[in-house]
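Could you walk me through this structure, one part after another? I have not seen it before and would like to know where to look.

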Amino acid sequence: MSTYLLCCDWGTSFFRLRLINRSDYRLIEEVTSQQGIASIYTSWKAIGERSGIGKEQFFRDALVKQIDLLASNAGIKLDQVPVAVSGMASSSIGMDEIPYASLPFAMDGSQASFRHFDATETFPHELILISGVKSQEDVMRGEETQLIGLTALLDREGNRPNEAIFIFPGTHSKHMYVQGGQLLNFETYMTGEVFNLMASTSILKDSVDVSGFNDFSETHLAAFKAGLSEAGSPLLNRLFTVRTNQLFGNLTKQQNAFYLSGLLIGAELKPLQEKENWQLVLCSGTNLFPFYKQAIEDLNLAGRTTTIAAERIDKAAIIGQVILFQNQNLNV
Ligand SMILES: O=C(O)C(=O)C[C@@H](O)[C@H](O)CO
């Protein structure tokens, strides 16, 4: 049995690979990149498929490069260390499409769906691909693993709410309805993806500048709050004000990026005002944390929201993957 585990969280837009110590989940080394599933899939279509390389092989090659980088950063030989992959790698645009588990979905992970791949000469790692969950009209891949890990973390501390909507911001934000240890339903909001499309390929791209996105200065914050304050108005109409803000010199392009973000996050979170009987749990990673925290406050949702520290959300994905290994009695 290996001392180490490789935990890979491969989302639509981001890649995260972590080497952890199996006994105490301690993070030893990590590599991250912008090479999410969507970009690798696009490269496979453009280069791999044309040269006759299978999709699974193409993804394995991309993964093994990152494992080699991690091994060299950590100074540890990682051959034969197993790897668990959650997220979009098990989707139609990923390594291999695996059927979704269904709702209700137990938070102990006992109903998760998997595919197991043996180690090969060119990929000397046993690989476990974790699938997602579907409802009648929605799907997710990756967030269920984070939710399983987070539930376990909160359980240990006696802090798990019996009934709550867990909000996982991201490219495809998820609002997950959990009751009595089961995920009952969820909704996807394309907040991050719409932001990226608007800011990079729409007419609005000439009106926004995302280079100051880490700078939550007073004027940026004011622009974000201005976007949030429009949350009740028709979004398709308000989006165009990003252009007029720039044409009329109302906001700088950097401020306008914050305004656009406020509009979209506001549109995502505003409907939660109507769900007043539900407790909310904000489960944001570091990048989006200040945006969602601010939005929760401005939309008067803070009184019934528990906020989980961003570092714990990262840890939750690791714990979720380890729990899923253990549930499957995998020899890793
Ligand atoms: O399963 C799929 O095909 C998805 O598109 C799921 C996606 O929304 C992820 O949960 C987050 O990117």
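Here is a guided tour that takes the sheets in turn, then a helix, a histidine and the ligand. Keep in mind that this is a predicted model.

Let us begin with a sheet. Strands of a sheet pair through backbone hydrogen bonds, either parallel or antiparallel. Here you will find an open sheet of six strands in the order β3-β2-β1-β4-β8-β7, and its pairing is mixed. At its edges stand β3 and β7 (114-117), each of which pairs on one side only. From one strand to the next, the twist averages 15°.

Now follow the chain into this sheet. Strand β1 (residues 4-10) pairs with β2 in the antiparallel sense over seven bridges, and the two form a hairpin with four residues between them. To find the match by eye, look for Asp 9, whose bridge partner in β2 is Arg 16. From β2 the antiparallel pattern carries on to strand β3 (residues 27-33), this time over six bridges. Arg 16 serves as a landmark here too, as it stands opposite Thr 32 in β3. β2 and β3 also form a hairpin, with five residues between them, and Tyr 25 in that turn has a positive phi of about 60°. How enclosed is β2? Six of the seven residues of this strand (residues 15-21) are buried, so the rest of the structure largely encloses it.

On the other side of β1 the sense of the pairing changes: β1 and β4 are parallel, with five bridges. One place to see this is Trp 10, whose bridge partner in β4 is Gly 87. β4 pairs in the parallel sense with β8 as well, over three bridges, and there Ala 84 stands opposite Ile 128. β4 is mostly covered, with five of its five residues buried. Which residues cover its two faces? Val 83, Val 85 and Gly 87 are on one side, Ala 84 and Ser 86 on the other, and all are buried. At the far end of the order, four bridges join β7 to strand β8 (residues 127-130), and these two run antiparallel. Arg 115 has Leu 129 in β8 as its bridge partner. Helix α10 (residues 310-327) lies across β1, β2, β3, β4 (83-87), β7 and β8, and runs at about 120° to β1.

The next stop is another open sheet, in which six strands follow the order β6-β13-β12-β11-β14-β15 with mixed pairing. β6 (105-106) and β15 (305-307) stand at the edges with a single partner strand each, so one side of each has no neighbour in the sheet. Strand β11 (residues 163-168) runs antiparallel to β12, and six bridges join the two. Phe 166 is a handy marker, standing opposite Met 176 in β12. Across β6, β11, β12 and β13 lies helix α3 (residues 143-156), at about 130° to β11.

Stay with β12 for a moment, and find His 175 in that strand. Is His 175 buried or exposed? With a relative accessible area of 0%, His 175 is buried. Its side chain makes a polar contact of 2.7 Å with the side chain of Glu 268. Leaving aside residues up to four places away in sequence, His 175 touches Ile 165, Phe 166, Asn 185 and Leu 272, among others.

Helix α4 (residues 191-200) shows how a helix can have a buried face. Its buried residues are Thr 191, Gly 192, Phe 195 and Ala 199. Seen down the axis of α4, these fall within an arc of 95°, so they line one face of the helix. The elements covering them include β12 (173-179), β13 (182-189), α8 (253-269) and α9 (289-298).

Finally, turn to the ligand. The residues surrounding it include Thr 12, Met 88, Tyr 100, Val 139, Glu 143 and His 172. Where do polar atoms come close to an oxygen atom of the ligand? A polar backbone atom of Arg 141 lies 2.9 Å from one. For His 172, a polar side-chain atom is 2.8 Å from an oxygen atom of the ligand. In the side chain of Lys 174, an N or O atom is 2.8 Å from a ligand oxygen.

Notes: Residues numbered from 1 in each chain as written. Predicted model: local features only at pLDDT ≥ 70, side-chain atom pairs only at ≥ 80, totals over all residues. Heavy atoms only, no water. Buried < 20%, exposed > 50% of the residue type's maximum accessible area, 1.4 Å probe, protein only. Arc of directions from axis to C-beta. Contact = heavy atoms within 4.5 Å. Pairing = 2+ DSSP bridges. Axes fitted to C-alpha atoms, helices over the stretch in contact; angles between N-to-C directions. Near = heavy atom within 4 Å. Polar contact = N/O pair within 3.5 Å; in protein donor to acceptor, adjacent residues only side chain to side chain.
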